[in-house]
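Subject: Handover of a structure

Hello,

I am passing this structure on to you. Please open it first; my notes on what was found follow below.

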Amino acid sequence: NFGVINTYPDSDNNIRRVRRSFKSASDEDILGFPLLIANKALSKPTKNKLSITENIQLINYHLNLQIPQYSFYDVLLKARENDEDYFKQHFSNKIVLIALNNVSDDIHATPLGDEVPGIFIHAHSINNHINRDYLSQSDDRFLLVYLIISALLSVIIALKYKLIAASSIFIGILILYTSTSI
């Protein structure tokens, strides 16, 4: 088995989404790498029968997700020493991803920062699949209701307060919305 590892940046060059599956030239479903790895780790794999909208996953990046990194050379030395305890302690019942993490072609902008190795994007996505911890995009109807309420609130604030205070409150509301949306 193999999985497709492609990532696609949004218009601002940040990677926020990953595809769960792809269509091959022969119209076969090919799982994306994160879903393939997660399915191998789970006893009840995620179904591959996804609609087009479900096929795009918004990555839920966790600031506190601990992703240990090990030098390949150090691990190789431990293997040569037959240090079974080392491998049991660090790798038993774990998903192990092997990648170069300083290759400039695989450094991406994400909500976590501007220089994130691609392997970390996959690690977060795999974690999302295993824990069923995806982000979901707000419904357009919610956005419309939010905009109407914001407009009415802005008019009420503008009528009640001076222009500078009303502008400050409106900018605060705008910042609050943009910080909670994707």
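Which element gives the most to the lining of the largest pocket? Helix H5 does, with seven residues. The pocket comes back further down, after an outline of the chain.

Overall picture

Please keep in mind that this is a predicted model. The mean pLDDT of the protein chain is 81, and 89% of its residues reach 70 or more. Residues 49-53 are a weak stretch, with pLDDT below 50. Beyond near neighbours in sequence, residues 49-53 have four contacts in the model. Where pLDDT is low, the predicted coordinates should not be read in detail.

The protein chain has 182 residues, of which 30% count as buried. Its secondary structure comes to seven helices and six strands. Read from the N terminus, the order of elements is β-β-β-α-α-β-α-α-β-β-α-α-α. Taking contacts between residues at least 6 apart in sequence, 64% join residues that are at least 24 apart.

The largest pocket

The largest pocket holds about 920 Å³ of space. Its lining is made of 28 residues, and those closest to the centre are Ile67, Pro68, Ile95, Val96 and Leu97. Three elements give two or more residues to this lining: helix H3 (72-80), helix H4 (84-91) and helix H5 (118-131). Sorted by class, the lining has 19 nonpolar, eight polar and one charged residues.

Helix H1 and histidine 129

Helix H1 covers residues 33-41 and is mostly covered, with seven of its nine residues buried. Those buried residues are Phe33, Pro34, Leu35, Leu36, Ile37, Ala38 and Asn39. Among what covers them are strand E1 (17-19), strand E3 (29-31) and H5.

Histidine 129 is found in H5. Is histidine 129 buried or exposed? Its relative accessible area is 1%, under the 20% cut-off, so histidine 129 counts as buried. Neighbours within four places in sequence aside, histidine 129 is in contact with Arg20, Pro34, Leu35, Ala38, Leu42, Gln57 and Tyr134. Pro34, Leu35 and Ala38 in that list also appear among the buried residues of H1.

Strands

Strand E5 (residues 107-110) and strand E6 (residues 113-117) pair in the antiparallel sense over three bridges. E5 and E6 form a hairpin, and two residues lie between them. Within this pairing, histidine 108 stands opposite valine 116 in E6, and threonine 110 stands opposite glycine 113 in E6.

Isoleucine 56 belongs to another strand, E4, which spans residues 56-58. Which residues does isoleucine 56 contact, leaving aside its neighbours within four places in sequence? They are Arg17, Val18 and Arg19. Isoleucine 56 and valine 18 are 38 residues apart in sequence, while their C-alpha atoms are 5.8 Å apart in space. With a relative accessible area of 36%, isoleucine 56 is partly exposed, because that value falls between the limits of 20% and 50%.

Two loop residues with positive phi

Asparagine 82 is found in the loop between H3 and H4. Phi of asparagine 82 is near 55 degrees, which is a positive value in a residue other than glycine. Asparagine 82 has 62% relative accessibility, over the 50% limit, and therefore counts as exposed.

Arginine 132 is found in the loop between H5 and helix H6 (140-160). Phi of arginine 132 is near 50 degrees, again a positive value in a residue other than glycine. At 45% relative accessibility, arginine 132 counts as partly exposed.

Where to start

If you want a short route through the model, begin with H5. H5 gives seven residues to the lining of the largest pocket, H5 is included in what covers the buried residues of H1, and H5 holds the buried histidine 129. After that, go to the hairpin formed by E5 and E6. When you reach residues 49-53, remember that the pLDDT there is below 50.

Regards

Key. Residues are numbered from 1 along each chain as its sequence is written. This is a predicted model: local features need pLDDT of at least 70, side-chain atom pairs count only at pLDDT 80 or more; totals for chains, interfaces and linings use all residues. Side-chain values use heavy atoms; hydrogens and water are left out. Helices (H or I, at least four residues) and strands (E, at least two) are DSSP runs, numbered from the N terminus. Buried means under 20% relative accessible area, exposed over 50%, partly exposed in between (1.4 Å probe, protein chains only). Contact means heavy atoms within 4.5 Å. pLDDT is the predictor's confidence in each residue, from 0 to 100. On a 1 Å grid over the protein atoms alone, a cavity is a set of points where a 1.4 Å probe fits but cannot get out, and a pocket is an open set with protein on both sides within 12 Å along at least five of seven lines; lining residues have an atom within 4 Å of a point. Grid points are joined across faces, edges and corners, and a volume is the space filled by probe spheres set on the points. Ala, Val, Leu, Ile, Met, Phe, Trp, Tyr, Cys and Pro count as nonpolar, Asp, Glu, Lys and Arg as charged, and the others, Gly among them, as polar. Two strands pair if DSSP finds at least two bridges between them.
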